[in-house]
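Trainee: I should like to go through this structure and ask, for each description, what justifies it. May we begin with the fold as a whole?

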Amino acid sequence: MGRRIETFSDLVQPFQEEFNAFMLGELLGSGESRVVYSCPCEPDKWVYKIERDQLHEFHNVREWTTWQQLEDYPDARAWLAPCDSISKGGKILRMARTEPLNGIDDLKGIKIPNFLGDCHWGNLGRFEGRIVCHDYAYSRIPERAVKRFRLVKNDRETG
Ligand SMILES: Nc1ncnc2c1ncn2[C@@H]1O[C@H](COP(=O)(O)OP(=O)(O)O)[C@@H](O)[C@H]1O
Ligand SMILES: [Mg+2]
């Protein structure tokens, strides 16, 4: 009988599974670039957004940077789900938890800032009684856009 050869990943995988089960709460959703879990410590308050590795688009980092850059623009920031912290390499972002909208109908008659562009209802949620965007990695919000933004009809309200 030959000796069983264990690779590094054989050793890491059970540890990783135990770590995940301990550190991650409920799976709340997933998109093209992230999977999103509640934080077990304060599940109603925070989520962990875990970046998929394949795309190399760094959506967590982009969201975090946008949030930081808008520090002096509270009116614009009020439309974004707050970011709390990010891991050193950007793969894990801690963000305030939003409540999901029920569907497209929740957007009827709702205006959103023009710097968000067209927003699919799945990228919006409720936070502290207002609608916010929780997926703003693509928004590339320049400073000049938030200085004087307008509320506009969201063309995605019908699809
Ligand atoms: N802050 C949040 N609070 C609650 N659920 C969220 C939050 N952010 C994302 N989600 C859920 O996770 C899904 C995927 O997150 P999202 O930011 O859209 O990732 P992606 O960039 O991959 O599209 C969302 O559609 C939503 O259901
Ligand atoms: Mg999304």
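Mentor: In the protein chain, residues 24 or more positions apart account for 57% of the contacts with a separation of 6 or more. Please keep in mind that this is a predicted model.

Trainee: What is the secondary structure of the protein chain, and in what order do the elements run?

Mentor: The chain comes to 4 helices and 10 strands. From the N terminus on, the order is α-β-β-β-α-α-β-β-β-β-β-β-α-β. The C-alpha atoms fill a box of roughly 75 × 30 × 30 Å along the principal axes, and 26% of the 159 residues count as buried.

Trainee: How do you know that helix 1 has the span expected of its residues?

Mentor: Helix 1 covers residues 8-23, which is 16 residues, and at 1.5 Å a residue these should span 22 Å. The end C-alpha atoms are 22 Å apart, so the value agrees with the expectation.

Trainee: What makes helix 1 a helix that lies largely in the open?

Mentor: A residue is buried if 20 or more other C-beta atoms lie within 10 Å of its own. Of the 16 residues of helix 1, the number buried is 0, and therefore the helix lies largely in the open.

Trainee: Let us turn to the sheet. Why are strand 1 and strand 4 said to stand at the edges?

Mentor: The open sheet has 5 strands in the order 1-2-3-5-4, with antiparallel pairing. Strand 1 and strand 4 (83-86) each have a single partner strand, so one side of each is left without a neighbour in the sheet. On average, neighbouring strands of this sheet are turned by 20 degrees against each other, direction ignored.

Trainee: Which helix packs on this sheet, and which strands does it touch?

Mentor: Helix 2, residues 59-69, touches strand 2, strand 3, strand 4 and strand 5. Its direction makes about 130 degrees with that of strand 4.

Trainee: How do you know that strand 3 is paired with strand 5 and with strand 2?

Mentor: Two strands pair if at least two bridges are found between them. Strand 3 (residues 46-51) is joined to strand 5 by 5 antiparallel bridges, and 5 bridges also join strand 2 to strand 3, again antiparallel. Both contacts therefore satisfy the criterion. Between strand 3 and strand 5, K49 stands opposite L93, and W46 has A96 as its bridge partner. On the strand 2 side, Y37 stands opposite Y48 in strand 3.

Trainee: How many bridges join strand 4 to strand 5, and what do these two strands form?

Mentor: There are 3 bridges, and the strands run antiparallel; S85 stands opposite R94 in strand 5. The two strands form a hairpin with 5 residues between them, and G90 in the turn has a positive phi of about 85 degrees.

Trainee: What makes the side chains of strand 5 an alternating set?

Mentor: In a regular strand the side chains alternate between the two faces of the sheet. Along strand 5, L93 and M95 point to one face and are buried, whereas I92, R94 and A96 point to the other and are not.

Trainee: Why is F58 called partly exposed, and E128 exposed?

Mentor: The class is exposed at 12 or fewer neighbours, buried at 20 or more, and partly exposed in between. F58 has 16 C-beta neighbours inside 10 Å and so counts as partly exposed. E128 has 9, so the residue counts as exposed. F58 lies in the loop between strand 3 and helix 2 and has a positive phi of about 55 degrees although it is not a glycine. E128 is found in the loop between strand 8 (124-127) and strand 9 (130-133), with a positive phi near 50 degrees.

Trainee: Finally, what surrounds ligand 1?

Mentor: The shell holds 22 residues, and the closest are G29, G31, V36, H134 and D135. Strand 1 (27-30), strand 2 (34-38) and strand 5 (92-96) are the elements that give two or more residues, and strand 1 supplies the largest share, 3 residues. By class, the shell has 8 nonpolar, 10 polar and 4 charged residues.

Note on methods
Residues numbered from 1 in each chain as written. Chains lettered and ligands numbered in written order. Predicted model: local features only at pLDDT ≥ 70, side-chain atom pairs only at ≥ 80, totals over all residues. Near = placed C-beta within 6 Å. Nonpolar A, V, L, I, M, F, W, Y, C, P; charged D, E, K, R; others polar. Axes fitted to C-alpha atoms, helices over the stretch in contact; angles between N-to-C directions. Contact = placed C-beta atoms within 7 Å. Expected span 1.5 Å × (residues − 1).
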